[in-house]
Structure formats: structure tokens, C-alpha cells
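Have the sequence and the model open side by side while reading. The paragraphs below go from one residue to the core around it, then to the helices and strands.

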Amino acid sequence: MSVEAAREKFQSYLTEKGLRVTSQRLAIFDAAFAQKEHFTAEELLDHARAIDDSVSRATVYRTLPIMTESALLREVDIGKGEKFYFPSSGNTQVAQVVCVDCDKIFEISAPFMEWYGSTVSSKLGLKPISQRLQVSAQCIAFRERHACPNRTK
């Protein structure tokens, strides 16, 4: 989905939910879709304020669930108390591989997940509504040379 189509979807979703389309929410959207890496709410706040300095922390924290509910953002929890976000590519069958040395999140296509989720659920008389595959991995370069090529922080 193009950024323009995603923006239209966001505006429509806000309207359907009875929420106003504000310049702050659009700045948050623009900041989120400009990111090339996974980001936290606080990082998004900084990027959104660079677009519109009136964006508040509260608005970011209220807007993130709206963007994930509308499937515009994917939420990733790596188990360290902070959630990460990334614009959804439209492909819902994605696995995450998380480097435990630098916390970098890699996303890979996992088309088998839909089949696996439905097969396992149907055997139990259930219907899947969501699923997630996340692998924690160690950086081989970091273990050998004490330098992770993915570490940016």
C-alpha cells in the first residue's frame, strides 16, 4: 500500500471511529511512515515534533493504538517492557527475528503462518484471530569480534 493510500485509510478510520482528523495526528502518521527502522513511541514523538511542534506525548500514545487497530502499524513486543512499531506492508504473515545483542528487529515473510495457525486452531475447534512468530537470536559477529554490525544505538 502506498503512503498516500495509507494516509487516506488513516483519515477514513479516524472518521469512522468518530475521531477528528487533526494536524497532530497527521504529523504522527507522517513521522511513522517516514521511518525505515522499527521505532518506539518516544522516538516517534521526536520525529512527529520535528514536523509539528504542537504534537504532545499524550497524542502519540493515544494515536498508536488507533494506527495498530487499523492495521497501518505493526506492534512488536520484544519482551523488554517497550513496544516497537513499524508501518505495515500489508503482508500479515511476517515473522520477527530479534537480535538479543542489539535489539534490532528483522522482519521476514512467513507465508506458512496462515496455514499453520488455521491448521492448529481448527484441530482444537477454534478460529485464529491473530498470530505471531518471533525468534530471539544472537549476533555471530558480536560473539566473535565484540562488535555488532547492526548496532546503531
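Which residues does Phe 33 touch, not counting residues up to four places away in sequence? In this predicted model, the residues are Val 3, Ala 6, Met 67, Leu 72, Leu 73 and Pro 87.

Phe 33 also belongs to the largest nonpolar core, which has 24 residues. Within that core, the members that touch the most other members are Phe 10, Phe 33, Leu 44, Val 60, Met 67 and Leu 73. Two of the residues touched by Phe 33, namely Met 67 and Leu 73, are therefore on that list as well. Four helices each give two or more residues to the core: helix 1 (3-16), helix 2 (23-33), helix 3 (41-51) and helix 4 (57-69). Helix 2 supplies the largest share, with seven residues.

Helix 2 can be followed further through its packing with helix 3. Two packed helices are described by the angle between their axes and the distance between the axes. For helix 2 and helix 3, the angle is about 115° and the axes are 8 Å apart. The crossing of helix 2 past helix 3 is right-handed. On the helix 2 side, the contact is made by Ala 27, Ile 28, Asp 30, Ala 31 and Ala 32; on the helix 3 side, by Leu 44, His 47, Ala 48 and Ile 51. Sorted by class, this contact has seven nonpolar residues, one polar residue and one charged residue.

Next come the strands. Strand 1 (residues 73-77) pairs with strand 2 (residues 83-87) in the antiparallel sense, over five bridges. Arg 74 has Phe 86 in strand 2 as its bridge partner. The hairpin of these two strands has five residues between the strands, and Gly 79 takes a positive phi near 80° there.

A separate paragraph is due to the open sheet, in which three strands are arranged in the order 4-3-5 with mixed pairing. Strand 4 (105-109) and strand 5 (133-137) are at the edges; each has a single partner strand, so one side of each is left without a neighbour in the sheet. On average, neighbouring strands of this sheet are turned by 25° against each other, direction ignored. Strand 3 (residues 94-99) runs antiparallel to strand 4 and is joined to strand 4 by five bridges. Among the residues involved, Ala 95 has Ile 108 of strand 4 as its bridge partner.

Terms used. Residues numbered from 1 in each chain as written. Predicted model: local features only at pLDDT ≥ 70, side-chain atom pairs only at ≥ 80, totals over all residues. Heavy atoms only, no water. Core = buried A, V, L, I, M, F, W, Y, C linked by side-chain atoms within 4.5 Å. Buried < 20%, exposed > 50% of the residue type's maximum accessible area, 1.4 Å probe, protein only. Contact = heavy atoms within 4.5 Å. Pairing = 2+ DSSP bridges. Axes fitted to C-alpha atoms, helices over the stretch in contact; angles between N-to-C directions. Left-handed = near helix turned anticlockwise from the far one by under 90°. Nonpolar A, V, L, I, M, F, W, Y, C, P; charged D, E, K, R; others polar.
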